[in-house]
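Visitor: Please take a close look at one part of this model, the nonpolar core and what lies around it. I would like a single connected account.

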Amino acid sequence: WLREKDRLQAHQDPTRELHVPPSIAEKSVRAKGYPMALVERTYAEISSQVLRDVICLRARTGMHDTEIARVSRGEAVLRRVDDPSGIVGTITFRHKTGKVHVVSVDAQTFAAAERLAARGKPLTRAPAGVMIKRAAKRLGAKAIEPGQLRHSFATWARAEGRIVRPAEGGVH
């Protein structure tokens with residue numbers, strides 16, 4: 001404060017030569033998400049199609065739980081586009097900030113969104129957690145947390161993703 005207000009002369013400042021590195025938040029350096037193989041094995045082991053659909057949307061789009069709940073409650077517009085690039089449809093929903101989000105998806109993800117919308121209500125966390133823990137136990141693996149799949153999506157996209165451009169133009 002004294003330095004900022006020019007009330008401290010340089011020769012009076014004992015901290016003048018002190019350099020403090022900027023802090024880095026732990027969450028920015030901590031490994032997040034799961035290896036793709038673990039998610040695929042867990043997905044294959046789960047018998048509930050509803051939970052498989054939720055995992056599919058989370059892992060393949062990075063959507064948050066509340067966004068998937070909006071799809072499940074019918075508060076999203078699912079539009080089939082069948083583009084030759086592999087984009088089968090779009091999911092349009094209003095984000096909690098009020099902004100409209102449009103997510104382009106492949107056939108498996110679009111089918112999962114359609115089934116969730118037809119169900120009419122979101123899957124609650126308690127049964128999902130139990131089913132995932134049982135699947136992990138059968139696999140002898142670590143149980144995945146669906147909320148962490150958003151981070152897995154970002155990691156996988158960076159490592160293995162590719163840009164898909166619709167044949168008719170538009171947003172990839």
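Guide: What follows goes from the whole chain to the core and then to two residues of one helix.

This is a predicted model, in which local features need pLDDT of at least 70 and side-chain atom pairs count only at pLDDT 80 or more, while totals for chains, interfaces and linings use all residues. Residues are numbered from 1 along each chain as its sequence is written, and side-chain values use heavy atoms, with hydrogens and water left out.

The chain has 7 helices and 3 strands; helices (H or I, at least four residues) and strands (E, at least two) are DSSP runs, numbered from the N terminus. Their order along the sequence is α-α-α-α-β-β-β-α-α-α. The chain is more spread out than a compact globule, because its radius of gyration is 23 Å, well over the 16 Å that the globule rule gives for 172 residues. That radius is taken over C-alpha atoms, and the rule is 2.2 Å times the number of residues to the power 0.38. Along the principal axes, the C-alpha atoms fill a box of roughly 70 × 45 × 30 Å.

Of the 172 residues, 31% are buried, meaning under 20% relative accessible area with a 1.4 Å probe and protein chains only. The largest nonpolar core has 31 residues, and those with the most contacts inside it are L51, I55, L57, I91, I144 and L149. Such a core is a set of buried Ala, Val, Leu, Ile, Met, Phe, Trp, Tyr and Cys residues joined through side-chain atoms within 4.5 Å. Elements that each supply at least two residues of this core include α2 (36–45), α3 (49–61), β2 (89–94), β3 (100–105) and α7 (149–160). The largest share, 6 residues, comes from α3.

I55 shows the surroundings of one core residue. Leaving aside neighbours within four places in sequence, I55 is in contact (heavy atoms within 4.5 Å) with V39, Y43, I46, I132, I144 and L149.

R58 is also found in helix α3. R58 is buried, with a relative accessible area of 5%. With neighbours within four places in sequence again left aside, the contacts of R58 are M63, H64, D65, I68, P146, G147, L149 and F153. One of these, F153, is 95 residues from R58 in sequence, yet the two are 7.7 Å apart in space, C-alpha to C-alpha. For the chain, among contacts between residues at least 6 apart in sequence, 58% join residues at least 24 apart.

How values were computed
Buried < 20%, exposed > 50% of the residue type's maximum accessible area, 1.4 Å probe, protein only.
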